[in-house]
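Student: Could you help me learn how to read a structure with several chains? I would like to begin with the cysteines.

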Amino acid sequence: MTDLLLSQIKGGNESQFGTDEYVVNLGPQHPATHGVLRLVVKMDGETVKETIPVLGYLHRSIEKICENRTYPQCITYTDRVDYVSAMSVNLAFALATERLMGLEPPPRAQWLRMVFVELQRIASHLLWMGAFAGDIGALTPFLYGLRERERILDLFEMTCGQRLTYNYIRIGGVMIDILPEFVPKCRAFLDYFEPKIAEYEELLTYNPIFLERTRGVGLISPEMGINNGVCGPSLRGSGVACDVRKQQPYLYYDQVKFTECLEPGGDCWSRYRVRMREIRESVSLVRQCLDRLEPGPIETKLPPILKAPPASEIYSRIESSRGEMGIYLVGDGTAKPYKAKFRCASFSNTYVLDQLTRGWKLADIMAVLGSLDMIVPEVDR
Amino acid sequence: MTNDELKSKIEADFKDKITSAVISAQKELIVTVKPENYLQLCQALRDKGDYLFQHLSCLTAVDYPKENKITVVAHLWSYKYAHQVTIKLDVDRANPKAPSLEKIWQSTNWFEREVFDLYGVVFEGHSDLRRIMMPEDYTKFPLRKDFTDDGFIIKPN
Amino acid sequence: MTGEKIIQTIAAFIHQILGAAGLSGIIFIIDPVLCAVAMFGFISLFVMFLVWMERKVSAHMQSRIGPNRVGIFGLLQTVADAVKLTIKEDVKPIHRDVIPYTIAPILAFVATFAGMVVIPFDKGIVVQDLNIGLLYIIAITSFTVIAILSAGWSSNNKFALLGGFRSAAQIVSYEVPLVLSLVPIIMTTGTLRLGGIVDYQAGHRWFIFSQQAIAFFIFITAATAEANRAPFDIPEAESELIGGFHTEYSGVKFAMFFLGEYIAVIVSSAVAVTVFLGGWLPLPFLGFLHLPGFVWFMAKLVFVIYLIMAFRWTFPRLRVDQLMDFGWKVLIPIAILNVLATGFVILLLEGGV
């Protein structure tokens, strides 16, 4: 298979096993590729000459499946598109369907959605921090990040019974109302968690070895980033203001105060800093949303069969933990989408990996891949 | 710019190059363009001062077997002006060919590979058009409406 | 009862038995052999304890509990691991180079183990107190380079080869600061014999307090790099090369590499304790406790090993070229300056050597 692959790549027919270069397969099963991503790396000694990602090992044809399911049935599949940040994808699809059909969820549902999506962002960034530090070699922050994430998952489990694939944010609102003890427990968690962020930053941010591994590595300039489709925290690490919550506010993001975290550096360290700052912003956002929660209905009245208007389409974007998540829905008057496209941040972010690692060392591939916060189910769907 | 302003501006700038510019019921501006003007329109949309659609959000395709066409859909976004436009291009279903946008937005490299893989649309001018999700020696185009996966299902005796 | 007395009593007892059996002629062979066997037994037990300690230390640093099922506090965990590794299937790649493949783990284990021969656990408790003790240790632990290179090469695996290259480059370049940090000690004490260095420290203050604190830190850093431990564990960087040079090894052979790494840590820590921390000497203000020197030595040894373990679970990993930069451009100049400074001070204080 590798021969077939290499022979199809431009220039591969001439000496692909040239005199000084050799091809290393960071195969689908690998401790550091965040899932089943295969990287074919052409190397010259320790220096990388080309990185060719081979995708498709986790392709589950979710888009095709969604063409044969009704809109509410599709929500369960959206959890699996990005299982680390499932609430965001749920929300993306629900928002897209609501815009397509002109539904408006009640305010309580919108505030609850915001609470859960921001909690999910914290959880996703904590897992990312652990994985990124683990790739660099610091094995301990992974355990610390997971410890805090467990508390968030406990909050989720209390609400919807699930820890990973929630199916909670539904079309028209949310699945079920929160328990009365949710708000005090959430506030207690936030009070406990906020000083911990400082601890983790102290462990990693100015550690000389961490700085050496991430400063100056994987430089994305703003123009190159925008042109290559980088989005989300990876692009904010290059100083580009690209947060969908600010540019195209959805839910009630225009009614709450939060700053967009921008860092000018453009290297792995800047992207790390952006995400750590985003965790703090999300903590403040959750607090604001909990303050604004008022009693009310959690779901809007829906027709028994949800049908899209004929010949309709929508492209709806949200800011998921990884970047811009876009859902393109085409409706044809039936209860099932004619086309559902998931535009995932990791897919476009992974494209720049090759350009960022040419001329660097093998260890830098891990650092760059980790800093782009790529997870494979988003890439392959 | 608002959708109406954009619509009138695009119609003014590119009157005979586009087939139609519509604002849908879901408040999106959808511009359908003729194949020979596709690249020119996209280049202008990216570079010209009032548009500055620097970010290509998504490039995908929709299969309409009844109308015998595949529509290549590109969603553009401008970080500076925070406006969005959808560009559509219809290609013939029997022999789908479309110009590649890779020189304009490099992010389309993978998006177009995915459309080629799943729909079979050949993008002319693409530097590396090969399958991205499916295995290299796969022959079908899964997201087409007439796709059947016979051969993958092992029926019990 | 000092350690010396204990050993002399046991030795006299054994000589008596052999004499009674009419075999007094081979005493000169039996003595070192028995010492080596005793050392082997003791070190094996100590390694078992160390493996448990590493798992517990790492667990508590990571907010976990660590092994607590097998035996009280999980103390028998290493026994369970050893049994598991021994009964594992010995998976061998087909196109391996047989002789280096088989010899590499054995060499890795033996080379480091042979370094324990000159470590003095107490005054007189040492297998062989060679005149050239320090030189011997440095020389014999260098054999691990051959072991790692042959493991990487013979596995017929690109990852293993990369790991072998990286490791060889790393070990060879960190030998230099390792030796250079010990040179001021040799200059001050005038002897390579480890027992002699401890005797010198008995009369003067320990080296880490008196003059060679920098040398201690250089030595510990270089020793961590020698043993391929984090933050210098690029050769076995799990997140990049799966297993580095020991990717293709399983079962007992893998266990030997694993053990070899631990024993390298023990040997380096023991040298550090002997040379910098006063060996079997009691802590200056706790001398009234009258504990045998052996206990002091083990306490200090466990302390230094704990330091090395804490490094692993705190710091990220250095990239290979950064590692080499650090060794050549930072450690070696500092070590050389240290040597020069020590020589200068010796000249001043003693009016010429």
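**Cysteines and chain contacts**

Tutor: In this predicted model, the sulfur of C58(B) lies 9.4 Å from the closest cysteine sulfur, that of C344(A), which is too far for a bond, since a disulfide is a pair of cysteine sulfur atoms within 2.5 Å. By this rule, the count over all chains is zero disulfides. Residues are numbered from 1 along each chain as its sequence is written, and chains are lettered from A in the order in which they are written. Local features need pLDDT (the predictor's confidence in each residue, from 0 to 100) of at least 70, and side-chain atom pairs count only at pLDDT 80 or more, while side-chain values use heavy atoms, leaving out hydrogens and water.

Student: Is C58(B) buried or exposed?

Tutor: Buried means under 20% relative accessible area, exposed over 50%, and partly exposed in between, using a 1.4 Å probe and protein chains only. C58(B) is buried at 0%, and C344(A) is buried at 2%.

Student: Which chains have the most contacts between them?

Tutor: Contact means heavy atoms within 4.5 Å. Of the two pairs of chains that touch, A and B have the most contacts, with 46 residues of chain B in contact with 48 residues of chain A. No contact joins chain B and chain C.

Student: How many salt bridges are there between chain B and chain A?

Tutor: A salt bridge places a side-chain nitrogen of Lys or Arg within 4 Å of a carboxyl oxygen of Asp or Glu. The count here is four, and E313(A) forms a salt bridge with K88(B), their closest N and O atoms being 2.4 Å apart.
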